[in-house]
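Q: I have just opened this one and would like a guided walk through it. Where should we begin?

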Amino acid sequence: MSDSKTPQRPDGLPDDQQRTSSQPRVEVEPTPVEPGDYSYSYTYKNEAGSDPAATSSAPTSSMPAVHTETRTVVKTKSKKLPIFLASLLGLVAGGVLVIALVMTGAFRITDTDVEATGASSQKIEIDPEDTSLSEAVAAKSLPSVVSITAQGGADGQGGIGSGVILDEDGNILTNHHVIENADTLVVNTDAGESYEAELVGADPSSDLAVIRIKDADKAELAPIEVGDSDEIAVGEWVMAIGSPFGNEQSVSTGIVSALYRSTALPSASGTSIYANMIQTDAAINPGNSGGALVNDRGELIGINSVIESYSGSSSGVGFAIPVNYAIDIANQIIDGKTPVHPYLGVSLTSVNAYVARQNNLAVDHGAYVAEVTPGGPADKAGIKKGDIVIDVEGTQIASADGLIIALREHEVGDTVKLTVVRGTKDKEIEVELGSDEALQAEQEDTSDGNGSGSGMTEEEFLRYLEEFLGNGGF
């Protein structure tokens, strides 16, 4: 973990740390109070363990985080009657009430029991505990969220993440980084059942994957109700469901803090693009990845995927992939298709003040076009090597990653307006975005044959790999 605040994925916990040092410790300390009207407070000490998602150590305080909640209780003061007098008055009042009810016909006294009568009598059921919104949403949504244990590698180690049941066929949507490199997948449901699962397919570029429960016909599954992430608003109530720190079937509540947050994060298989994410202050921690973000109707609106934190744990800044995008990718995977993304057909380099000064560029920000793929969308639109893209549909572009994210917010086939700097002049160019499906197929063929079957040189292979994974290229 670096000293700076950077977004990261709330990765699952290693098996050997799920219930030991990494489990937060909670202590309750009651505060002494005086007799009579009194207050009491609980001090919660949260002493979190090491963050398994961290890649390097960051300065942390040795003092545990302390949170104090104070409640005030006021005792009811009433006049005290002598015990005998109070009992006598109670008996008299009760007897008068029974006589009055008998005379009016409300009660019919028989030899064996007392029966309620009256043509207008009705049965009223009263719930002694009024169900709150969070209880209702949790009761509806929890059966649709699972815990995923992924194990792989020579040492068999793995971690825990979360997933969402999509259908009765056993398809479960989760994050790619939850199941990446796993040889064994085990799913635990809200009902306490455990099932083995297999990978259906994944899209590392969007950090999404679908796994399927084996022998799903023998399992009792509760598919989640899917909402519309285009209809949510800032300030809307939400609940995050998952397995933080390995604590399965946990819920936390909050609001939608912001919309349209985007970032790009490196992974073992390249760069994952997170576009138009939902920001929430509902607590999201390691193990929540792949879990559900639901609205006040218990409808899925996002897949919890990223947190922004100094410590690697919840700081009230979490992000979820919008469900409309996630479900579209999941449906492509389930249908056996290759998930496709907008394709521009260029290799890019970020422009900053240093690069601009060293190369005598007209601007100090943007995405520099280092190479144009012949016959690609950019080539057909007239984009040339040396152009610097500084704007996409009114969104300023600060870097190569910024351009990739901006384009990912559009669909294959969309026509977008790019503003480029050519020499010292600005130029607007409209580009119809293509599909990266062919590029993915070429990359997959090359990977299968270690480059020998395609006839490409190592340099050509790295260029195609760069374009596909988004490491400075798109």
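A: Let us begin with one term, since we will need it for V392 and others: a residue is called buried when its relative accessible area is under 20%, and exposed when that area is over 50%. Please also keep in mind that this is a predicted model.

Q: OK, so is V392 buried or exposed, and where does it sit?
A: V392 lies in strand β22, which covers residues 388-392. Its relative accessible area is 2%, which is under the 20% limit, so V392 is buried.

Q: What does V392 touch, leaving out residues up to four places away in sequence?
A: V392 is in contact with I397, L403, A406, L407, H410, K417 and L418. As for G402, it is 10 residues from V392 in sequence, and the two C-alpha atoms are 9.7 Å apart in space.

Q: Let's zoom out. How many helices and strands are there in the protein chain?
A: The protein chain has 9 helices and 26 strands. It is made of 474 residues, and 40% of them are buried. Among the contacts with a separation of 6 or more, 63% join residues that are 24 or more positions apart.

Q: And what about the surface, how much of it belongs to carbon and sulfur atoms?
A: Carbon and sulfur atoms account for 50% of the accessible surface, which comes to about 25300 Å² for the protein chain.

Q: Which strands make up the closed barrel?
A: The closed barrel has 6 strands in the order β7-β8-β9-β12-β11-β10, and their pairing is antiparallel. On average, neighbouring strands of this sheet are turned by 40° against each other, with direction ignored.

Q: Can you take me through part of it, say what joins β10 to β11?
A: Strand β10, residues 184-188, and strand β11, residues 194-203, are antiparallel and paired over 4 bridges. Along this pairing V186 has E196 as its bridge partner, while L185 stands opposite A197. The two strands form a hairpin with 5 residues between them, and in its turn G192 has a positive phi of about 90°.

Q: Then what comes on the other side of β11, going to β12?
A: Strand β12, residues 208-213, runs antiparallel to β11 and is joined to it by 6 bridges. Here A202 is placed opposite A209. These strands also form a hairpin, with 4 residues between them, where D207 takes a positive phi near 60°.

Q: Does anything pack on that region, and at what angle does α4 run to β12?
A: Helix α4 lies across β9, β11 and β12, and it runs at about 55° to β12.

Q: Which residues have the most contacts inside the largest nonpolar core?
A: They are L173, A292, V294 and L300, in a core that has 28 residues. Several elements give two or more residues to this core, including α2, β12, β13, β15 and α4. Of these, α4 gives the most, with 6 residues.

Q: Tell me more about L173, what does it touch?
A: Leaving out residues up to four places away in sequence, L173 touches a list of residues that includes V164, L166, L208, A209, V210, I303, A326, I327 and A330. A second, separate core of 21 residues includes L348, A367, I383 and L418.

Q: Changing topic, where is S144, and is it buried or exposed?
A: S144 is in the loop between α2 and β7. Its relative accessible area is 3%, so S144 counts as buried.

Q: What lies 2.6 Å from a polar atom of the S144 side chain?
A: That is the backbone oxygen of A222. A222 is also among the residues that S144 touches, together with G163, V164, I165, P223 and I224, again not counting residues up to four places away in sequence.

Q: You mentioned positive phi values; which residues in the loop between β13 and β14 have one?
A: F245 is one of them, with a positive phi of about 55° although it is not a glycine, and its place is in the loop between β13 and β14. Q249, in that loop as well, has a positive phi near 55° and is not a glycine either. As background, most residues other than glycine have a negative phi.

Q: And are those two buried or exposed?
A: F245 is buried, with a relative accessible area of 10%, and Q249 counts as buried at 18% relative accessibility.

Technical notes: Residues numbered from 1 in each chain as written. Predicted model: local features only at pLDDT ≥ 70, side-chain atom pairs only at ≥ 80, totals over all residues. Heavy atoms only, no water. Pairing = 2+ DSSP bridges. Core = buried A, V, L, I, M, F, W, Y, C linked by side-chain atoms within 4.5 Å. Buried < 20%, exposed > 50% of the residue type's maximum accessible area, 1.4 Å probe, protein only. Contact = heavy atoms within 4.5 Å. Areas by Shrake-Rupley, 256 points an atom, 1.4 Å probe, with all protein chains shown as cover. Polar contact = N/O pair within 3.5 Å; in protein donor to acceptor, adjacent residues only side chain to side chain. Axes fitted to C-alpha atoms, helices over the stretch in contact; angles between N-to-C directions.
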